[in-house]
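Reader: I'm new to this one and would like to go through it piece by piece. Could you show it to me before we talk?
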Amino acid sequence: KAKPMLLADIYTDADGDSVADAPAEADRWVDPQAILFSYVAAPNAESYEKTWKPLVDHLSAVTGKPVQYVRYESARDQLLAMREGRLHVTAVNTGNVPEAVNLYGFVPVASPADAEGNHGYTMNIIVPKGSAIKTPTDLKGGNIAFTDPGSNSGCKAPMVLLGDFSLAPDQDYHFVFSRGHEQSIAGVASGNYPAAATASDMLARALARGDIEKDSVATIYESERFPSAAIGYIYNLKPDLADKIREALLSFKVTDSEDTKALLAEGVAGFAPVSYKDDWALVRRIDSNVSSAN
């Protein structure tokens, strides 16, 4: 059986926060002329570049460095870019945060939050409105769409939590990968998928944007709350620069303007600080269950 993922041996964690410390040797610090930034890797990464321009501008103003947006359509490419020094500040989806922290030196700082500082989401299993599937138990012998293997709400959490209903993947139900939350939601709304697992915030955004009709899907299961995507930086940045990036992220506030309409539509008013050790405890437990099953 696979072991739960732990911080790789190449990193140190003197303060016990489960996150890699900055290198002790100054000659190992990275102080780029331009900061390379990306939001969560996604097939629609091009739209994110415009959405997050206000944050790019704020990062540049606080750090005094130019900030360049770079696009990644897959989490694997995004993580490799961090390892290879081609990405300095980024956001990682909830399910990939433990891998990013433990194997790639990612330092989570904050999560997108609303005006009250609330952040996080639940995992929802949705079906077409009027479906004969009313409870998770009704999925036995059927099919469900997951997003991708690294997603918490789109794959790992439902695989584990459906076990509470005595449902094991490949034994009691079959699954396919849609490659994204938007695709899963649209697939259920159109009837192409009989069920799908998705994040509550992604479902809310799809409804708010009018991507699907209000009564086209129904939720048959909702989990307890998970943290949102984490935004942070690579561990080996020069400490002074890392401090400025942390300051920029936590001081970012979205005001009602033409430039920030996309962020407001996503329900983002700023960022709330997070603790990887505490806020990702449930996610790590799910990862451990997934690893033990493999």
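Reader: To begin somewhere, which residues of H5 are buried?
Author: In H5, the buried residues are Asn152, Ser153, Gly154, Cys155, Lys156, Ala157, Pro158 and Leu161, where buried means under 20% relative accessible area, exposed over 50% and partly exposed in between, with a 1.4 Å probe and protein chains only. Helix H5 covers residues 152–161 and is mostly covered, with eight of its ten residues buried. The names follow DSSP runs, numbered from the N terminus, in which helices are H or I of at least four residues and strands are E of at least two.

Reader: And what should I know about the model and the numbering?
Author: This is a predicted model, in which local features need pLDDT of at least 70 and side-chain atom pairs count only at pLDDT 80 or more, while totals for chains, interfaces and linings use all residues. Residues are numbered from 1 along each chain as its sequence is written, and side-chain values use heavy atoms, with hydrogens and water left out.

Reader: Back to H5, what does Ser151 reach at the start of the helix?
Author: A side-chain oxygen of Ser151 comes to within 2.9 Å of the backbone nitrogen of Gly154. A polar contact is a pair of N or O atoms within 3.5 Å; within protein, one must be able to donate a hydrogen and the other to accept it, and residues adjacent in sequence count only if both atoms are side-chain atoms.

Reader: Let me switch to the strands: what is the order in the open sheet of six?
Author: The order is S2-S1-S3-S10-S4-S11, with mixed pairing, and two strands count as paired if DSSP finds at least two bridges between them. Strand S2 (67–69) and strand S11 (270–273) are at the edges with a single partner strand each, so one side of each has no neighbour in the sheet. On average, neighbouring strands of this sheet are turned by 35° against each other, direction ignored. The axes behind such angles are lines fitted to C-alpha atoms, for helices over the stretch in contact, and angles run from 0 to 180 degrees between N-to-C directions.

Reader: How does S3 pair with S1 and with S10, parallel or antiparallel?
Author: Strand S1 (residues 35–38) runs parallel to S3, over two bridges, and Phe37 has Val89 in S3 as its bridge partner. With strand S10 (residues 230–234), S3 pairs in the antiparallel sense over four bridges, and Thr90 stands opposite Gly232 there. Within strand S3 (residues 89–92), Val89 and Ala91 point one way and Thr90 and Val92 the other, and all are buried.

Reader: What about S4 and S11, how many bridges join them?
Author: Strand S4 (residues 106–113) is joined to S11 by four bridges, and the two run antiparallel; Pro112 stands opposite Phe271 in S11.

Reader: Now S5, which strands does it pair with?
Author: S5 is joined to S9 by seven bridges in antiparallel fashion, with Ile125 opposite Tyr221. Strand S8 (residues 196–199) also runs antiparallel to S5, over four bridges, and there Asn124 faces Thr198.

Reader: And why is S5 called largely enclosed?
Author: Eight of the eight residues of strand S5 (residues 121–128) are buried, so the rest of the structure largely encloses this strand.

Reader: Changing topic, how do H6 and H7 pack?
Author: Helix H6 (residues 181–189) and H7 pack at an angle of about 65°, and their axes are 10 Å apart. His181, Glu182 and Ile185 of H6 make the contact with Met202, Leu203, Ala206 and Arg209 of H7, where contact means heavy atoms within 4.5 Å.

Reader: After H7 comes a loop; where is Ser216, and is that residue buried or exposed?
Author: Ser216 is in the loop between helix H7 (200–209) and strand S9 (217–226), and with 14% relative accessibility Ser216 counts as buried. The Ser216 side chain reaches the backbone oxygen of Glu213 at 2.7 Å. Leaving out residues up to four places away in sequence, Ser216 touches Val127, Pro128, Lys129 and Ala189.

Reader: Last one, what does Pro227 touch?
Author: Pro227, in the loop between S9 and S10, touches Thr94, Gly120, Tyr121, Asp279, Trp280 and Val283, not counting residues up to four places away in sequence. At 8% relative accessibility, Pro227 counts as buried.
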